[in-house]
Amino acid sequence: SEAEQRAFTGDLPSVSATARTIAEAHRRYRGLDDGDIADYIPVLAEADPSWFGLSLVDTGGEVHEAGDVEMTFSIQSISKAFVFALVCQARSHEFVHERIGVNNTGLPFNSVMAIELNDGSPMNSMVNAGAIATSALATGETPAEKWETIRTGLSRFAGRSLDLDGRVYRSEIETNQRNKALARLLESYGRIITDPLDSVDIYTRQCSLSVTAHDLAVMGATLADGGVNPLTRERVVAAEVARDTLALLASCGMYENSGEWLFEIGLPAKSGVSGGIVAIAPGKAAIGAFSPRLDSAGNSVRGQRACFDLARTLGMNLF
Ligand code: DON
């Protein structure tokens, strides 16, 4: 088909065809009620299941959107992708490879067993243990400085100043005994460079940053554009760092379903339990999707279906 051929040419279809495809995907899936809202973080259970936003930002800065694209929600695990990029930029490719790792665990995002089965390795920066260890590596002498590095760094990806949602942060910090346990377990193996609970606190803050589907698309488009934000034209990370981040997202971004996701959709992507997904077509564009109902791995059901359609119809699939 034309779309399949286009996947190899590097071009998106015309502006009007792209806009039409986004609107159609939104219309097709807005009534889909499969999946459940995350409730293990109490405040997330208050989400309205009807929320659904789709945004596509291309590397030329063109924006196409449908639905609730200005609705704010906590970024959750999607922060892991961009914190990884900042740490990779500040340290090095070899450093993150050796200290954290880049292989999929094949297990859920909060698995204790994944650490135990791998000699205490956090395995990769996309699961909770690896993300907590990665946040500890952010530039800064104190936890407050590391947090500021992360908040300002993610803001540069988004092209606007991002803020913490205090209600989400407090709800999560009071109920995240499991993340604290993961951090203590890493400490017992000598795999975390700061006080483990300080690092959990930074990680919980980064997960509580408030974003929109539009923000996710801009952040993803910065990776698609080799590290340059296509709206502000600011270079946020080096091109090699954008490439390393996309490689990690391809293997680990959708947790234990990363293989299925790559097989069906063919794009590096990252999801979060509040219902966000960012999917990136290198050199072309990124999709930001938001809808709170999740499948059993913690990935937005409507967001996945919409990404599937967009990847096919717009010829975004990498392969
Ligand atoms: O640490 C947690 O459990 C949450 N702050 C983030 C988890 C998450 O988003 C997993 N994503 N699907």
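In the predicted model, valine 273 touches Ala38, Leu44, Gln76, Ser77, Leu294 and Gly298, when residues up to four places away in sequence are left out. Valine 273 lies in the loop that runs between strand 5 (269–271) and strand 6 (276–281). Although this position belongs to a loop, valine 273 is classed as buried because 22 other C-beta atoms are found within 10 Å, and 20 or more are required for that class.

Valine 273 is also one of the residues around the ligand. The other members of this shell are Gln76, Ser77, Phe109, Asn110, Asn128, Glu172, Asn179, Cys207, Ser271, Gly272 and Gly298. Of the contacts of valine 273 listed above, Gln76, Ser77 and Gly298 are found in the shell. When the residues of the shell are sorted by class, 8 are polar, 3 are nonpolar and 1 is charged. The UniProt record, an unreviewed entry, places the feature "binding site" at Ser77, Asn128, Glu172, Asn179, Tyr203, Tyr255 and Val273. Among these annotated positions, Ser77, Asn128, Glu172, Asn179 and Val273 also appear in the shell computed from the model.

Asparagine 128 is a further residue of the shell that carries the annotation in UniProt. Asparagine 128 is found in helix 6, which covers residues 128–135. There are 24 C-beta neighbours inside 10 Å of asparagine 128, and this residue therefore counts as buried. Beyond four places in sequence, asparagine 128 touches Phe109, Asn110, Asn179 and Leu182. Phe109, Asn110 and Asn179 from this group are themselves residues around the ligand.

The ligand shell can next be related to the domains of the protein. The domain assignment gives domain 1 (2–76 + 209–313) and domain 2 (79–207). Domain 1 is thus written as two segments of the chain, whereas domain 2 is written as one. The shell around the ligand draws at least three residues from each of the two domains. Taken over C-alpha atoms, the centres of domain 1 and domain 2 are separated by 22 Å.

Where the domains meet, 34 residues of domain 1 are in contact with 35 residues of domain 2. On the side of domain 1 that touches domain 2, the elements giving two or more residues are strand 4 (210–211), helix 11 (213–224) and helix 12 (239–252). Helix 12 gives the most to this side, with 8 residues. The residues on this side of domain 1 comprise 17 nonpolar, 11 polar and 6 charged.

Proline 230 occupies the loop between helix 11 and helix 12. With 21 other C-beta atoms within 10 Å, proline 230 is buried. Proline 230 and glycine 60 are 170 residues apart along the chain, yet their C-alpha atoms are separated by 6.1 Å. Glycine 60 is also among the residues that proline 230 touches, together with Val57, Thr59, Gly61, Ala221, Thr222 and Asp225, not counting residues up to four places away in sequence.

For the protein as a whole, 14 helices and 7 strands are present. The radius of gyration is 18 Å, close to the 20 Å that the globule rule gives for 319 residues, so the protein is as compact as a globular protein of that length. Along the principal axes, the C-alpha trace spans about 55 × 40 × 35 Å. Buried residues account for 56% of the 319 residues. Of the contacts between residues at least 6 apart in sequence, 69% join residues at least 24 apart.

Conventions: Residues are numbered from 1 along each chain as its sequence is written. This is a predicted model: local features need pLDDT of at least 70, side-chain atom pairs count only at pLDDT 80 or more; totals for chains, interfaces and linings use all residues. A residue is near a molecule or strand if its C-beta atom, placed from the backbone, lies within 6 Å of it. Ala, Val, Leu, Ile, Met, Phe, Trp, Tyr, Cys and Pro count as nonpolar, Asp, Glu, Lys and Arg as charged, and the others, Gly among them, as polar. Domain bounds come from an automatic or database domain assignment. Two residues are in contact if their C-beta atoms, placed from the backbone, lie within 7 Å. Helices (H or I, at least four residues) and strands (E, at least two) are DSSP runs, numbered from the N terminus. UniProt positions are given in the numbering used here, feature names are shortened, and annotations may be inferred rather than shown by experiment. A residue is buried if 20 or more other C-beta atoms lie within 10 Å of its own, exposed if 12 or fewer, and partly exposed in between; C-beta atoms are placed from the backbone. The radius of gyration is taken over C-alpha atoms; the globule rule is 2.2 Å times the number of residues to the power 0.38.
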